[in-house]
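Me: I have a model open and want to learn how to read it. Please take me through a few features, general idea before the case itself.

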Amino acid sequence: MEIHRIAAFRDNYIFVLHDAVRGQAAVVDPGDAQPVLQTLEELGATLTAILNTHHHSDHVGGNRQLLERFPQAQVYGGVEDRGRIPGQTHFLREGDRVPICDGQAAIDDQRTADVIFVPGHTRAHIAYYLAPATPNDWGELFCGDTLFAGGCGRLFEGSPQQMVESLGKLRQLPDTTRVWCAHEYTLNNLRFAVTIDGTNATLQQRLTQVQAARAQDQPTVPATLGLEKQTNPFLRWDNASLQRAMNSTSALQTFARLRGKKDQF
């Protein structure tokens, strides 16, 4: 399976998962249909599945147009997003598995995505995790607006407690997981991170590398979960130095204060 990253709007990413053997594809969070249709045409692929992480328009805005072209495509989203995702046909819960790409194929005949319930950014947010196909492969995490490279999503419908629990689930995945987050926010996120974790040498090095990449208009997504665990303050709420920096007495308070500071950054 090949993953194609498509830039959309000002800073969104849409992901096309292409099964060249079957000539099929799935798309994750198609906020805009047109670049997806162009990519599918270039690949000569049939769209069989739309995987939505949450209901925001920059993630689902292309669903209807894609379904006009590929009416048999299945539309996946969280069960609590019922009525908020255009064309939704499957209502997913924690632990469900989604076939990639043909929804009618046998589960053991292809890769599948495990559904992780990650409320916080929205009340119904889910993520899709594809375990490595072989021991030497990457795992693939499509996490929408829950976890970003260097940061995490704003809390529009959820609480700090929910987001800590959600990020905790993602933090448990293997370091060799690629994080396909839905926005190019990395540079701003890392600029914030160094204001509260400035003695972190790995973070400083990462910021320098990201600054160079963005100066050349290069993407910073995907990131690796192993690097996120070392440099993303929103995965390090239980780190003693960050707790001191936030003048907090608990992991939850550290996260909440970090999120509040980032909202004002």
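Reply: Let's start with helix axes: each is a line fitted to C-alpha atoms over the stretch in contact, and angles run from 0 to 180 degrees between N-to-C directions. Helices (H or I, at least four residues) and strands (E, at least two) are DSSP runs numbered from the N terminus. Bear in mind that this is a predicted model, where local features need pLDDT of at least 70, side-chain atom pairs count only at pLDDT 80 or more, and totals for chains, interfaces and linings use all residues. Residues are numbered from 1 along each chain as its sequence is written, and side-chain values use heavy atoms, with hydrogens and water left out.

Me: OK, at what angle do helix 4 and helix 9 cross?

Reply: Helix 4 (residues 160-171) and helix 9 cross at roughly 105 degrees, and their axes come within 10 Å. That makes the pair roughly perpendicular; the bins are under 35 degrees for roughly parallel, over 145 for roughly antiparallel, 65 to 115 for roughly perpendicular, and oblique for the rest. Pro160, Gln161, Met163, Val164 and Leu167 of helix 4 touch Leu252, Phe255 and Ala256 of helix 9, contact being heavy atoms within 4.5 Å. Sorted by class, this contact has 7 nonpolar residues, 1 polar and no charged. Nonpolar means Ala, Val, Leu, Ile, Met, Phe, Trp, Tyr, Cys and Pro; charged means Asp, Glu, Lys and Arg; the others, Gly among them, are polar.

Me: Which residues of helix 5 meet helix 9?

Reply: Asn188, Asn189, Phe192 and Ile196 do, and their partners in helix 9 are Leu258, Lys261 and Lys262. That contact splits into 3 nonpolar, 2 polar and 2 charged residues. The two axes lie 11 Å apart at about 125 degrees, so the pair is oblique.

Me: And helix 5 against helix 6: how far apart are their axes?

Reply: They sit 10 Å apart, packed at an angle of about 150 degrees, with helix 6 covering residues 201-215. The pair is therefore roughly antiparallel. On the helix 5 side you'll find Thr186, Leu187, Leu190, Arg191, Ala193 and Val194; they meet Leu203, Gln204, Arg206, Leu207, Val210, Gln211 and Arg214 of helix 6. The classes here are 7 nonpolar, 3 polar and 3 charged.

Me: How should I read a pocket?

Reply: On a 1 Å grid over the protein atoms alone, a pocket is an open set of points where a 1.4 Å probe fits, with protein on both sides within 12 Å along at least five of seven lines; lining residues have an atom within 4 Å of a point. Points join across faces, edges and corners, and the volume is the space filled by probe spheres set on them. Here the largest pocket comes to about 280 Å³. Of its 15 lining residues, His121, Phe148, Gly153, Arg154 and Tyr185 lie nearest the centre. Helix 5 (186-196) and helix 9 (251-263) each give at least two residues to that lining, which has 4 nonpolar, 6 polar and 5 charged residues.

Me: Which residues lie nearest the centre of the second largest pocket?

Reply: Arg10, Asp11, Tyr13, Glu184 and Arg214, out of 14 in the lining. The volume is about 200 Å³. Strand 1 (2-8) and strand 2 (12-19) each supply at least two lining residues, and strand 1 has the largest share, with 3. The lining counts 6 nonpolar, 2 polar and 6 charged residues.

Me: Any backbone oddities to look for?

Reply: Most residues other than glycine have a negative phi, and most peptide bonds are trans. Phenylalanine 9, in the loop between strand 1 and strand 2, has a positive phi near 55 degrees. Valine 221 and proline 222 are joined by a cis peptide bond with omega about 10 degrees; proline 222 is in the loop between helix 6 and strand 14 (223-224).
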